[in-house]
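Biologist: I'm new to this one, so could you take me slowly through a single part of it? I'd like a close look at how the pieces there sit against each other.

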Amino acid sequence: MDSMDERRNAIVDFVNAKGDVSFAQLKEVFSGVSEMTLRTDLKKLDEEKRIVRVHGGAKSVDIVLGTDDLMGRRAIRNVEAKQEIVEKVLKLIRPNTTIFLDSGSTTTMLAENWPDQPNFIFTSSLTCAMALSKLKQPKIFMPGGELNIYSLSTCGMEAMETLKRVSFDMGILGVTSYDGGFGFSCGVLMESYLKQQVLEQSSQKIVLMDTSKLGKKSTFHICGLDAVDIVAAENNIDPAFIKECEESGVELI
């Protein structure tokens with residue numbers, strides 16, 4: 001394999017690992033490659049459908065196709081940040097409440113650390129349900145629907161009809177991206193609808209989001225920042241986002 005092939009394979013691996021990268025990030029990682037060569041590489045890889053070129057960078061094919069990334073791949077990213085987020089959210093969970101727990105790697109980590117106490121927990125996530133099944137006191141409910149084999153979760157009209165009949169004390173949602181103009185977003189249309197349904201049914205609305213999701217847009221809008229009550233993030237979140245939360249009256253923990 002010549003150096004060009006090795007470099008292009010490395011670019012694909014980098015984009016897939018991050019999911020969504022800027023051209024500035026690529027220039028930093030591949031600092032020994034000229035800007036023109038990098039742009040040529042991106043064009044060729046896009047033509048080969050190994051990545052997707054977007055304005056200012058590139059995305060993995062999984063995200064653009066609406067698979068919202070592979071669950072196993074997400075589970076090994078930003079682990080320390082996710083641990084910080086989980087520790088904060090655990091302090092908010094009260095016994096004898098009804099909670100919706102969304103799909104995702106951070107929510108799965110939360111489920112793995114859930115206290116063994118009485119709760120009604122509705123979750124669309126197979127991985128969350130499996131983690132929670134080890135506990136004795138919570139009652140676990142899963143809405144039906146179509147299985148997303150990438151996020152290992154269910155969604156669709158059947159799931160939404162089930163959730164319409166439930167009043168949640170707390171809705172804990174994961175998101176794929178956040179952009180100040182576009183709001184919270186994800187890569188699967190029906191999952192965006194399900195998250196919106198949960199927001200409508202929840203007294204307290206919580207979003208889990210590590211800093212890697214800031215300043216990015218996925219295809220499908222979920223809601224604006226002002227539609228949630230709490231954002232749980234790691235400690236070193238961007239000061240600009242802290243200001244946005246203050247202006248929107250959102251508690252940042």
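**A close look at the small sheet and its helices**

Modeller: Let's start with one pairing: Ser22 has Gly57 of strand 3 as its bridge partner. Keep in mind that this is a predicted model. That pair belongs to a wider link, in which strand 1 and strand 3 (residues 57-59) run antiparallel and are joined by 3 bridges.

Now zoom out a little. These strands are part of an open sheet of 3 strands, ordered 1-3-2 and paired antiparallel. Strand 1 (20-22) and strand 2 (52-54) are the edge strands, each pairing on one side only. Going from one strand to the next, the twist averages 25°.

Next come the helices that go with this sheet. Helix 1 lies across strand 1 and strand 3, and runs at about 115° to strand 1. Helix 3, for its part, lies across strand 2 and strand 3, at about 130° to strand 2.

So how do those two helices meet? The axes of helix 1 (residues 3-18) and helix 3 (residues 35-47) come within 11 Å, crossing at roughly 70°. An angle of 65 to 115 degrees counts as roughly perpendicular, and helix 1 and helix 3 are therefore roughly perpendicular to each other. On the helix 1 side, the contact is made by Arg7, Arg8, Ile11 and Val12. Helix 3 brings Thr37, Leu38, Thr40, Asp41, Leu42, Lys44 and Leu45. Sorted by class, that contact has 5 nonpolar, 2 polar and 4 charged residues.

For some context, there is another open sheet in the model, with 7 strands in the order 6-5-4-9-12-14-15 and parallel pairing. Its edge strands, each pairing on one side only, are strand 6 (139-141) and strand 15 (251-252). Within this sheet, strand 4 (residues 97-101) and strand 5 (residues 119-123) pair in the parallel sense over 5 bridges. One detail there is that Leu101 has Thr123 of strand 5 as its bridge partner.

One last stop is Ser125, in the loop between strand 5 and helix 8 (126-132). Under 20% relative accessible area counts as buried, so Ser125, at 0%, is buried. The side chains of Ser125 and Thr127 are joined by a polar contact of 2.9 Å. Leaving aside residues up to four places away in sequence, Ser125 touches Asp102, Ser103, Thr108, Met142, Leu152 and Ser153.

Notes: Residues are numbered from 1 along each chain as its sequence is written. This is a predicted model: local features need pLDDT of at least 70, side-chain atom pairs count only at pLDDT 80 or more; totals for chains, interfaces and linings use all residues. Side-chain values use heavy atoms; hydrogens and water are left out. Axes are lines fitted to C-alpha atoms, for helices over the stretch in contact, and angles run from 0 to 180 degrees between N-to-C directions. Helices (H or I, at least four residues) and strands (E, at least two) are DSSP runs, numbered from the N terminus. Angles under 35 degrees count as roughly parallel, over 145 as roughly antiparallel, 65 to 115 as roughly perpendicular and the rest as oblique. Contact means heavy atoms within 4.5 Å. Ala, Val, Leu, Ile, Met, Phe, Trp, Tyr, Cys and Pro count as nonpolar, Asp, Glu, Lys and Arg as charged, and the others, Gly among them, as polar. Two strands pair if DSSP finds at least two bridges between them. Buried means under 20% relative accessible area, exposed over 50%, partly exposed in between (1.4 Å probe, protein chains only). A polar contact is a pair of N or O atoms within 3.5 Å; within protein, one must be able to donate a hydrogen and the other to accept it, and residues adjacent in sequence count only if both atoms are side-chain atoms.
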